[in-house]
Amino acid sequence: MRGEAPFHGPTGDSTTITRLWARPPAVPEPGYNRIMSAYPEAVFLKSAHQPSQFVPDEGMEVAFAGRSNAGKSSAINLIVGRRQFARVSRTPGRTQLVNFFVLDERVPGGRRLVDLPGYGFARVPVKVQRHWRALMDGYFAQRRSLTGVVVIVDVRRGLLDLDRQMLAWADAAGCAAHVLLTKADKLSRGAGAGVLQAARRELGRSAGVQLFSALDRTGLEEARLALESLMPVPVATLAGDDALTQQ
Ligand code: GDP
């Protein structure tokens, strides 16, 4: 029956895309996020256990940091528009890896998202904590392509010392920063607004800050805009695109 055909998810063919535009499913089905992805070319590149394993330092990258269990993986998956892009953690604080993903090739050398290892997990052995610090020191000291840092903070806990440390590292590296106060669905509107106001007062102009929820999608568009503004495609490139299409 025309217009009543079930949505089977993306197959890559234009028929599916046309059908999707014509009548989006009321409840997204598996694969829906992929076709609506903000970064359809996004792919996992590599995990690094030490600085010598980092991917080539070219193009632009934005790093996502946060305490273990704050909701970093969930935020990344929603912002990028892919389920299971970053793994939602099973053993918080145990995986001390820097994960590199390429988002697109809109600048020479590409634009990347970097998932930094979570921090602040109480039961992590001292050796693992030392490794984390050395990895972070190496990362922030080296990466010339790092243009921005997104810090994920559980809105119920607010900014804590290690979050402030991340923001200080971002500042020392000459990067802009943005804070996502996530799990906003867990607080009442008034309580969330209070935490947001306190964070704004503390951060001033040093970083952007917003409420976010991976569960009910609060602040999703604002977060995507913030990510874009942290790794802006140069106007010259956009103008070049126009010039090419006009030829
Ligand atoms: P990570 O360790 O920082 O990467 O955090 P995860 O993304 O793995 O999330 C940790 C836990 O918090 C998981 O059980 C998630 O389902 C949950 N979670 C993440 N984001 C949200 C959110 O916005 N709202 C709620 N209610 N739970 C969330």
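Ala, Val, Leu, Ile, Met, Phe, Trp, Tyr, Cys and Pro count as nonpolar, Asp, Glu, Lys and Arg as charged, and the others, Gly among them, as polar. This is a predicted model, where local features need pLDDT of at least 70, side-chain atom pairs count only at pLDDT 80 or more, and totals for chains, interfaces and linings use all residues. Residues are numbered from 1 along each chain as its sequence is written.

**Exercise 1.** Work out which residues surround the ligand and how they divide.

*Solution.* Start with the shell: a residue is near the ligand if its C-beta atom, placed from the backbone, lies within 6 Å of it. That gives 19 residues, with G71, K72, S73, S74 and L215 the closest. Now sort them: 5 are nonpolar, 10 polar and 4 charged. Finally, look for the top contributor: helix α3 (residues 72-80) gives the most, 3 residues. Helices here are DSSP runs (H or I, at least four residues) and strands are too (E, at least two), numbered from the N terminus.

**Exercise 2.** Is S37 buried or exposed, or in between?

*Solution.* First find S37, in the loop between α2 (32-35) and β1 (43-48). Next, the cut-offs: 20 or more other C-beta atoms within 10 Å means buried, 12 or fewer exposed, in between partly exposed, with C-beta atoms placed from the backbone. S37 has 16 such neighbours, so partly exposed it is.

**Exercise 3.** Put the strands of the sheet in order and find the edges.

*Solution.* Strands pair if DSSP finds at least two bridges between them. The 7 strands run β1-β3-β4-β2-β5-β6-β7 in an open, mixed sheet. β1 and β7 (208-211) each have a single partner strand, so they stand at the edges.
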